[in-house]
Amino acid sequence: METTDSNNKVSLRARVQAFGGFLTNMVLPNIGAFIAWGIVTALFIPTGWIPNENLNELVDPTITYLLPLLLAYTGGRMIGGHRGGVLGAIGTMGVIIGSDIPMFLGAMMIGPLGGWLMKKTDKLLENRIPAGFEMVINNFSIGIVGFFLMILAYLFIGPVIQVLNNFVTSAVEALVSTGLLPLLSLINEPAKILFLNNVIDQGIYYPLGMQQSLEAGKSIYFMVASNPGPGLGLLLAFTLFGAKTARRTAPGAIIIHFFGGIHEMYFPYVLMRPLTIIAMILGGVSGIITFQLFGAGLVAGPSPGSIISYLALTPKGNFIGVIAGVLVAAIVSFLVTSFILKSGKSDSDDDKLQASVEKSKAMKSEGKDLLHQKEDSLKTDNENANTYTLFKKISFACDAGMGSSAMGATTFKRKLQKAGITDVEVKHYRIEDAPQDSEVIVVHKDLLGRTKHAHPNTRIISLNSYLQDPVIDELIEEVIKKNS
């Protein structure tokens, strides 16, 4: 496997981790909506707890439109701000209409693409918009780019994604039909130890699960990688047969893992005794086999993967199968881990556990560092710039962030450029969205109270006119004096 140096090289694992982190950040803020859909499905579909023909009509539109659009908006906003989120949602509407399956995969692709296109478009238009035309150009730019993205998504991207989705679905269904689905644990468990669990769940199994759940009211795909049973069995074995430190720390890890759903808690224990990955694989395999035997499934993705989430998302008639799958996985993992620990117990395991904890933290942070590399770079640049200048960010704000504040920011920026000042970021925002690290927020006097409430610790300048006001001229002189 590749290694990382202190400057540029990043391991393949870190890159995949970063991708998984991005998927997680796209999905996690919307988990509540997925759970709401899961509850509606569990209750009101014809095979639900309390079937209701009218309320069942909520199921299809929610999974077809609401959930993909939420994912797309979130992904677009992560890259291109609010405008990027809107453009991502516009484009995703094209793939939704252009396909006959829930477009989660399409949303997770088009959303970030829309954010990137919006970011590039805004960068291209920066400093080229005449004062007073900011709102018109900003609105028409997102409308025109959105038009082309929607058409492109409808005609080309949607059909391609549907073909890919059908291929993956067929491949997984082939595993199910041949009884080989449990073999996915050979991939799932080692990948989880490398902190690639988010890539597997959010990128593959959950989209497939939502599609199957729409058709059958439940899906086993939600459980093939998220089963908390194997981790429970491993930690129980370390509690009873591990070295001193492991016996002391494993019980606490059990609570956080099994009830809190944080599977990362058991990763250091596997890294300490790598042979225990066999126990995790066998536990995962046995759990999937049990789920299959009982025909069990969940109505939505259990995020986090705790027993509480499992029980909350279990549909009618599936509790025995779900609980059995978790327990069987835990028992198998416990027995195999116990055998490994008892056959090779060593006092040095205490030192290995601490080293494994540090290694586990380093592996996880490696992916996070890459995910936030650009943000960190920008932050460093700003900090370095602050060594030489007092001003680095001035924000103009108004009610909607697109009218008067945009005109004021454009005019102010041009005045700075005429004075040779180019190292100050001047942008326009809705009052509540203005960055907290702004040195100055400029607003109309009628909005001063609202701005003070939203930014109590930031210097605020109020004025009568965004174009011609003595306060603006004074601020220009102050910036020139401090930044020259």
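Student: What accessible area do the residues of the nonpolar patch on the surface have together?

Tutor: This is a predicted model, in which local features need pLDDT of at least 70, side-chain atom pairs count only at pLDDT 80 or more, and totals for chains, interfaces and linings use all residues. Residues are numbered from 1 along each chain as its sequence is written, and side-chain values use heavy atoms, without hydrogens and water. A patch takes residues with over 30% relative accessible area and no salt bridge, joining like charges within 9 Å and nonpolar side chains (Val, Leu, Ile, Met, Phe, Trp, Tyr) within 5 Å; a salt bridge is a side-chain nitrogen of Lys or Arg within 4 Å of a carboxyl oxygen of Asp or Glu. Y65, I97, V136, F140, I144, F147, F148, I151, L152, Y154, L155 and F156 form the patch, whose accessible area (Shrake-Rupley, 1.4 Å probe, only the protein chains shown counting as cover for residues) is together about 1,200 Å².

Student: Which helix gives the most to the nonpolar patch?

Tutor: Helices are DSSP runs of H or I with at least four residues, strands are E runs of at least two, and both are numbered from the N terminus. At least two patch residues come from each of α3 (59-97) and α5. The greatest contribution, ten residues, is from α5.

Student: Is S141 buried or exposed?

Tutor: S141 lies in helix α5 (residues 134-177). Beyond its neighbours within four places in sequence, S141 is in contact (heavy atoms within 4.5 Å) with R83, M118, T121 and L125. Buried means under 20% relative accessible area, exposed over 50%, and partly exposed in between, with a 1.4 Å probe and protein chains only. Because its relative accessibility is 8%, S141 counts as buried.

Student: What is the relative accessibility of G84?

Tutor: G84 is placed in helix α3. Apart from residues up to four places away in sequence, G84 touches G76, R77, G111, G114, G115 and M118. G84 counts as buried because its relative accessibility is 0%.

Student: At what angle do helix α8 and helix α13 pack?

Tutor: Two packed helices are described by the angle between their axes and the distance between the axes. Axes are lines fitted to C-alpha atoms, for helices over the stretch in contact, and angles run from 0 to 180 degrees between N-to-C directions. Residues of α8 including L232, L236 and F241 meet residues of α13 including V326, F334 and L341. The axes of α8 (residues 229-241) and α13 (residues 319-343) are 7 Å apart, and their angle is about 35°.
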